[in-house]
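Colleague: I would like to learn how to read a fold like this one. Could you take me through it feature by feature?

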Amino acid sequence: MSTTITTTSILSPHPPTTTNHHKRHHLYPSKPTIKPTKPTTKIHVSSPTNKPTSIDKKPTSNNPKETIFFDGGAHYGDLIANLILGFTLFWLPLTLASVSRAFFLRYRFTNLRVTVISGFTGEERSDFSYKVIKDVKVVPRFIGEWGDIVITLKDGTVVDLRSVPKFRDIAKYCLTMADKPVVLKESGAKGF
């Protein structure tokens, strides 16, 4: 007499007992299903900020050549100061806000417009022309190394740009481009 011994692996699932293909997908619930994904577009907006650069557009009378005055994110000192103070639980929410500004916020000032790019992948973008600027105020932070720029538009909208490096120069540039008198209004106390 011969005996047949069948061995099955402990980790492998039992073979399906039915041949019904509609029930077969319920036997392996741990297998991931493949869903089609939408392609994402990443916008890379970094460029050196030490000298103005030009965007490659052909200048016409209606579309002059756009020159970048400043393109950058929040000041690195804001991130460092908030990370140091973030070891206290009291300062932790401000540290998280500073980290999000450092990684997900970009400012661009050109001769035609102001652009604020934010969001995880840069999907949120706000542009406005210098013609719609009504007022520009600055609020120094730390010891004046960086600061906030508060731009009031003619329709009453207030745009608050936080932790901007070279904030006084940028605010004067905004006033110059908006054909306003270049008198900066500093408000608020110096601080973080």
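Modeller: We will go from the overall layout to helix packing, buried faces, salt bridges and backbone angles. Keep in mind that this is a predicted model.

Colleague: Start with the layout. How many helices and strands does the chain have?

Modeller: The chain has 4 helices and 9 strands. Read from the N terminus, the order is α-β-β-α-α-β-β-β-β-β-β-α-β.

Colleague: What share of the residues is buried?

Modeller: Of 192 residues, 32% count as buried. Contact range is another thing to read. Take the contacts between residues at least 6 apart in sequence: 44% of them join residues at least 24 apart.

Colleague: Now helix packing. At what angle do the axes of α2 and α3 cross?

Modeller: Helix α2 covers residues 76-85 and helix α3 covers 92-104. Their axes come within 9 Å and cross at roughly 150 degrees. Angles over 145 degrees count as roughly antiparallel, so α2 is roughly antiparallel to α3. The crossing of α2 past α3 is left-handed.

Colleague: Which residues make that contact?

Modeller: From α2, they are D78, L79, N82, L83 and L85. From α3, they are L94, T95, S98, V99, R101 and A102. Sorted by class, the contact has 6 nonpolar, 3 polar and 2 charged residues.

Colleague: Which residues of α2 are buried?

Modeller: G77, D78, L79, A81 and N82 are the buried ones in α2. Then look for what lies over them. The cover includes α3, and also β7 and β8.

Colleague: Do the same for α4. Which of its residues are buried?

Modeller: Helix α4 spans residues 167-177. Its buried residues are F167, I170, A171, Y173, C174 and L175. Strands appear in their cover, including β2 (67-73), β3 (105-110) and β4 (113-118). Also among the covering elements are β6 (133-141), β7 (146-153) and β8 (158-165).

Colleague: On to charges. Why do some charged side chains pair?

Modeller: Side chains of opposite charge can pair when their charged atoms come close. A cut-off of 4 Å between nitrogen and carboxyl oxygen is used for a salt bridge. By that rule the count is 8 salt bridges.

Colleague: Which residue does D78 meet in a salt bridge?

Modeller: D78 meets R101, with 2.9 Å from N to O. D78 is in helix α2 and R101 in helix α3, so the pair ties together parts 23 residues apart in sequence. Both residues also belong to the helix contact we just listed.

Colleague: Is D78 buried or exposed?

Modeller: D78 is buried, at 2% relative accessible area. R101 is buried too, at 16%. The cut-off for buried is under 20%.

Colleague: Which residues are linked in a network of salt bridges?

Modeller: R141, D148, D160 and R162 are linked that way. Take D148 as the way in. D148 forms a salt bridge with R141, and the closest N and O atoms are 2.9 Å apart. D148 also meets R162, at 3.4 Å from N to O. That second pair links distant parts of the chain: D148 is in strand β7 and R162 in strand β8, 14 residues apart.

Colleague: How should I read the accessibility of those residues?

Modeller: One by one. D148 is buried, with 4% relative accessibility. R141 counts as buried at 18%. R162 is partly exposed, with 38%.

Colleague: Last, backbone angles. Where does S163 lie, and what is its phi?

Modeller: S163 lies in strand β8. Its phi is near 55 degrees, a positive value in a residue other than glycine. S163 is buried, at 3% relative accessibility.

Colleague: What is the place of D179?

Modeller: D179 comes just after α4. Its place is the loop between α4 and β9 (185-186). D179 is not a glycine, yet its phi is positive, about 55 degrees.

Colleague: Is D179 buried or exposed?

Modeller: D179 is exposed, at 71% relative accessibility. So read the setting along with the angle: S163 is buried in its case, whereas D179 is exposed.

Methods: Residues numbered from 1 in each chain as written. Predicted model: local features only at pLDDT ≥ 70, side-chain atom pairs only at ≥ 80, totals over all residues. Heavy atoms only, no water. Axes fitted to C-alpha atoms, helices over the stretch in contact; angles between N-to-C directions. Helix = DSSP H or I, 4+ residues; strand = E, 2+ residues; numbered from the N terminus. Parallel < 35°, antiparallel > 145°, perpendicular 65-115°, else oblique. Left-handed = near helix turned anticlockwise from the far one by under 90°. Contact = heavy atoms within 4.5 Å. Nonpolar A, V, L, I, M, F, W, Y, C, P; charged D, E, K, R; others polar. Buried < 20%, exposed > 50% of the residue type's maximum accessible area, 1.4 Å probe, protein only. Salt bridge = Lys/Arg side-chain N within 4 Å of Asp/Glu carboxyl O.
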